Amino acid sequence: MRPRKLRDWVKLALATTVKATGLGRACRTLRTRAAGARIHVLGYHRVVDAIDVDGPVNPSLCITADTFRRQMTQLRARFVVLPLSYVVRAVNGEIELGRDAAAVTFDDGYRDVVLRADPILRDLGIPATVFVPSGFAEASGRARLLPHDRLYAGAWA
């Protein structure tokens with residue numbers, strides 16, 4: 001772990017002050033009243049036990065299960081977490097939101113979404129949408145890899 005620089009200490013002190021005083025919450029409330037609630041859509045790919053920067057899986061597509069749990073805990077504390085279908089309805093003006101909302105999505109339908117992300121999401125009561133590329137269901141061998149995974153694996157090899 002690298003030693004903290006002065007800038008890091010200043011940022012930490014400011015963040016602690018904003019949280020302790022409730023200034024952040026007050027600013028969000030004023031912004032929501034003035035401009036309406038914001039909707040955030042978070043997109044994930046892979047949830048892994050550990051990120052191997054020298055491995056055959058693109059590390060920029062990965063998040064560890066521990067980090068994912070921390071993010072989901074923070075997300076649930078700060079936002080109304082909605083299924084993606086409700087977000088679409090809110091964007092279309094069919095649903096009015098009283099505070100900022102978020103939706104969780106996963107691209108590419110990797111198995112680790114079921115193995116690692118789903119238990120965390122269920123434990124925290126967070127809905128999520130998984131986009132599954134159905135064209136690869138019947139493929140075998142290297143053809144079963146998504147094109148970006150094939151490209152990364154080839155570059156890594």
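Buried means under 20% relative accessible area, exposed means over 50%, and partly exposed lies in between. The exercises below use these classes on a predicted model.

**Exercise 1. Classify Arg 116 and its salt-bridge partner Asp 49 by accessibility.**

Solution.
Step 1. Arg 116 has 24% relative accessibility, so Arg 116 counts as partly exposed.
Step 2. The relative accessible area of Asp 49 is 59%, and therefore Asp 49 is exposed.
Step 3. Between the closest N and O atoms of Arg 116 and Asp 49 there are 3.0 Å.
Step 4. Arg 116 sits in helix α5 and Asp 49 in the loop between β2 and β3 (62-64), so this salt bridge ties together parts 67 residues apart in sequence.

**Exercise 2. Decide whether Asp 112 and Arg 46, which form a salt bridge, are buried or exposed.**

Solution.
Step 1. A salt bridge requires a side-chain nitrogen of Lys or Arg within 4 Å of a carboxyl oxygen of Asp or Glu.
Step 2. In the pair Asp 112 and Arg 46, the closest N and O atoms are 2.7 Å apart.
Step 3. Asp 112 belongs to helix α5 and Arg 46 to strand β2 (residues 46-48); the two are 66 residues apart and link distant parts of the chain.
Step 4. Asp 112 counts as buried because its relative accessibility is 5%.
Step 5. Arg 46, with a relative accessible area of 17%, is buried.

**Exercise 3. Describe the salt bridge between Asp 123 and Arg 69, and state how many salt bridges the count gives.**

Solution.
Step 1. The closest N and O atoms of Asp 123 and Arg 69 are 2.9 Å apart.
Step 2. Asp 123 is in helix α5 and Arg 69 in helix α3, so far along the chain that 54 residues separate them.Step 3. At 53% relative accessibility, Asp 123 counts as exposed.
Step 4. Arg 69 has a relative accessible area of 33% and is partly exposed.
Step 5. The count comes to five salt bridges.

**Exercise 4. Find which elements supply the largest nonpolar core, and list the contacts of Phe 68.**

Solution.
Step 1. In soluble globular proteins, nonpolar side chains tend to be buried together.
Step 2. The largest nonpolar core here has 18 residues, and those with the most contacts inside it are Phe 68, Met 72, Val 104 and Phe 106.
Step 3. At least two residues of this core come from each of α3 (65-78), β5 (101-107) and α5 (111-124).
Step 4. Helix α5 gives the most to this core, with five residues.
Step 5. Leaving aside neighbours within four places in sequence, Phe 68 touches Tyr 44, Val 47, Ile 63, Phe 106, Ala 117, Ile 120 and Leu 121.

**Exercise 5. Identify the residues of the nonpolar surface patch that includes Leu 6, and classify Leu 6.**

Solution.
Step 1. The patch is made by Leu 6, Trp 9, Val 10, Leu 12 and Leu 14, and covers about 520 Å².
Step 2. Leu 6 lies in helix α1 (residues 6-21).
Step 3. The relative accessibility of Leu 6 is 66%, so Leu 6 counts as exposed.

**Exercise 6. Summarise the protein chain by its elements, its burial and its contacts.**

Solution.
Step 1. The protein chain has six helices and six strands.
Step 2. Read from the N terminus, their order is α-α-β-β-β-α-β-α-β-α-β-α.
Step 3. Of the 157 residues in the protein chain, 26% count as buried.
Step 4. The accessible surface of the protein chain is about 10800 Å², and 57% of this surface belongs to carbon and sulfur atoms.
Step 5. Among contacts with a separation of 6 or more, 58% are between residues 24 or more positions apart.

Key:
Residues numbered from 1 in each chain as written. Predicted model: local features only at pLDDT ≥ 70, side-chain atom pairs only at ≥ 80, totals over all residues. Heavy atoms only, no water. Patch = residues over 30% accessible without salt bridge, like charges linked within 9 Å, V, L, I, M, F, W, Y side chains within 5 Å. Areas by Shrake-Rupley, 256 points an atom, 1.4 Å probe, with all protein chains shown as cover. Helix = DSSP H or I, 4+ residues; strand = E, 2+ residues; numbered from the N terminus. Buried < 20%, exposed > 50% of the residue type's maximum accessible area, 1.4 Å probe, protein only. Core = buried A, V, L, I, M, F, W, Y, C linked by side-chain atoms within 4.5 Å. Contact = heavy atoms within 4.5 Å.
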